[in-house]
Amino acid sequence: MAYRIKEVDASDDEIADIIRGFNREIGQFPELTDAELDGFHCHWWLAYLDKEPVGFAGVVPSQRLLNVGYLKRAGVMPAHRGHGLQVRLLKARERKARAIGWTHLVTETTNTVHSANNCIRAGFKLYEPETRWAYEHSLYWIKRI
Ligand SMILES: CC(C)(COP(=O)(O)OP(=O)(O)OC[C@H]1O[C@@H](n2cnc3c(N)ncnc32)[C@H](O)[C@@H]1OP(=O)(O)O)[C@@H](O)C(=O)NCCC(=O)NCCS
């Protein structure tokens, strides 16, 4: 059995429930709103092992920067970590961002070395945004695409 990454339609209630369930299970993120799941240029992916969803990630338009996408959430269920799924979820979102015509992707990481390392693996660089939007100790990442 191999892992695969699939873009999903988060306006579908069943898919939205899976994403919301994972989001809750991870335990560190606020609830996702309907607009974040289903809004204009909000795109979501699930990672599957065979037919079982095991991870999720999204990308949405940046609220601060024009033509920039914001990587929103990423989570892999504990039993499936360490298989490189986060980088695959990053790459899938980058392909979509390029197709949309965005110029950059941005995101932040907070208290997660693994995510920071995966941003570096996917070609992101640390940067200092004009306005820091997350926590005092968050790291901010950008990639020109
Ligand atoms: C961060 C996260 C998405 C990484 O996903 P992933 O697909 O497992 O990423 P990787 O396969 O690259 O593994 C990352 C690291 O976890 C380690 N790892 C392996 N098995 C693991 C396990 N069972 N539990 C935790 N970490 C494990 C890997 O060794 C790897 O370390 P390395 O970078 O030194 O090689 C996942 O750990 C997660 O969902 N964490 C909670 C939510 C979170 O922090 N999301 C990111 C918010 S920015």
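## Residue I19

In this predicted model, I19 touches A10, L32, L37, W44 and F56, leaving out residues up to four places away in sequence. I19 is placed in helix α1. A residue counts as buried when 20 or more other C-beta atoms lie within 10 Å of its own. I19 has 23 other C-beta atoms within 10 Å, so I19 is buried.

I19 also shows how residues far apart in sequence can come together in the fold: I19 and G58 are separated by 39 residues in sequence, while their C-alpha atoms are 9.5 Å apart in space.

## The nonpolar cores

I19 belongs to the largest nonpolar core, which has 19 residues. The members that touch the most other members are I19, L37, W44, W45, A47, F56 and L89. Helix α1 (13-26), strand β2 (43-49), strand β3 (52-61), strand β4 and helix α3 each supply at least two residues of this core. The largest share comes from β2, with four residues. A second core, separate from this one, has eleven residues, including V59, A97, W102 and L105.

W44 is another of the residues in the largest core that touch the most other members. Leaving aside neighbours within four places in sequence, W44 is in contact with V8, A10, I19, L37, F56 and G58. A10, L37 and F56 are also among the residues that I19 touches.

## The chain as a whole

The chain contains four helices and seven strands. Read from the N terminus, its elements follow the order β-α-α-β-β-β-α-β-α-β-β. The chain has a radius of gyration of 14 Å, close to the 15 Å that the globule rule gives for 145 residues, so the chain is as compact as a globular protein of that length.

The C-alpha trace spans about 40 × 30 × 25 Å along its principal axes. Of the 145 residues, 31% count as buried. Among contacts between residues at least 6 apart in sequence, 58% join residues at least 24 apart.

## The sheet

The seven strands form an open sheet with mixed pairing, in the order β1-β2-β3-β4-β5-β7-β6. Its edge strands are β1 (3-8) and β6 (125-126), each of which pairs on one side only.

Strands β2 and β3 pair in the antiparallel sense over seven bridges. In this pair, H43 stands opposite V59 in β3. The two strands form a hairpin with two residues between them, and D50 in that hairpin takes a positive phi near 55 degrees. V59, the residue opposite H43, is a member of the second core.

## Strand β4 and its two partners

Which sense does the pairing of β3 and β4 take? These strands pair in the antiparallel sense, over seven bridges. They form a hairpin with six residues between them, and N67 in the turn has a positive phi of about 60 degrees. P61 stands opposite G69 in β4, and V60 stands opposite Y70 in β4.

On β5 (residues 104-109), the pairing with β4 is in the parallel sense and extends over three bridges. G69 has L105 as its bridge partner in β5, while Y70 has V106 as its bridge partner there. G69 thus has a partner in β5 and stands opposite P61; Y70 has a partner in β5 and stands opposite V60. In a regular strand the side chains alternate between the two faces of the sheet.

How many of the nine residues of β4 are buried? Eight are, and the strand is mostly covered.

## Around the ligand

The ligand is surrounded by 18 residues, of which R81, G82, L85, Q86 and H114 are the closest. By residue type, the shell divides into six nonpolar, eleven polar and one charged.

Strand β4 (68-76) and helices α3 (85-100) and α4 (113-121) each supply at least two residues of the shell. The largest share, four residues, comes from α4. Strand β4 and helix α3 therefore appear in two settings: each supplies at least two residues of the shell around the ligand, and each supplies at least two residues of the largest nonpolar core.

Notes. Residues numbered from 1 in each chain as written. Predicted model: local features only at pLDDT ≥ 70, side-chain atom pairs only at ≥ 80, totals over all residues. Near = placed C-beta within 6 Å. Nonpolar A, V, L, I, M, F, W, Y, C, P; charged D, E, K, R; others polar. Core = buried A, V, L, I, M, F, W, Y, C linked by C-beta atoms within 7 Å. Buried ≥ 20, exposed ≤ 12 C-beta atoms within 10 Å, placed from the backbone. Contact = placed C-beta atoms within 7 Å. Rg over C-alpha atoms; globule rule 2.2 N^0.38 Å. Pairing = 2+ DSSP bridges.
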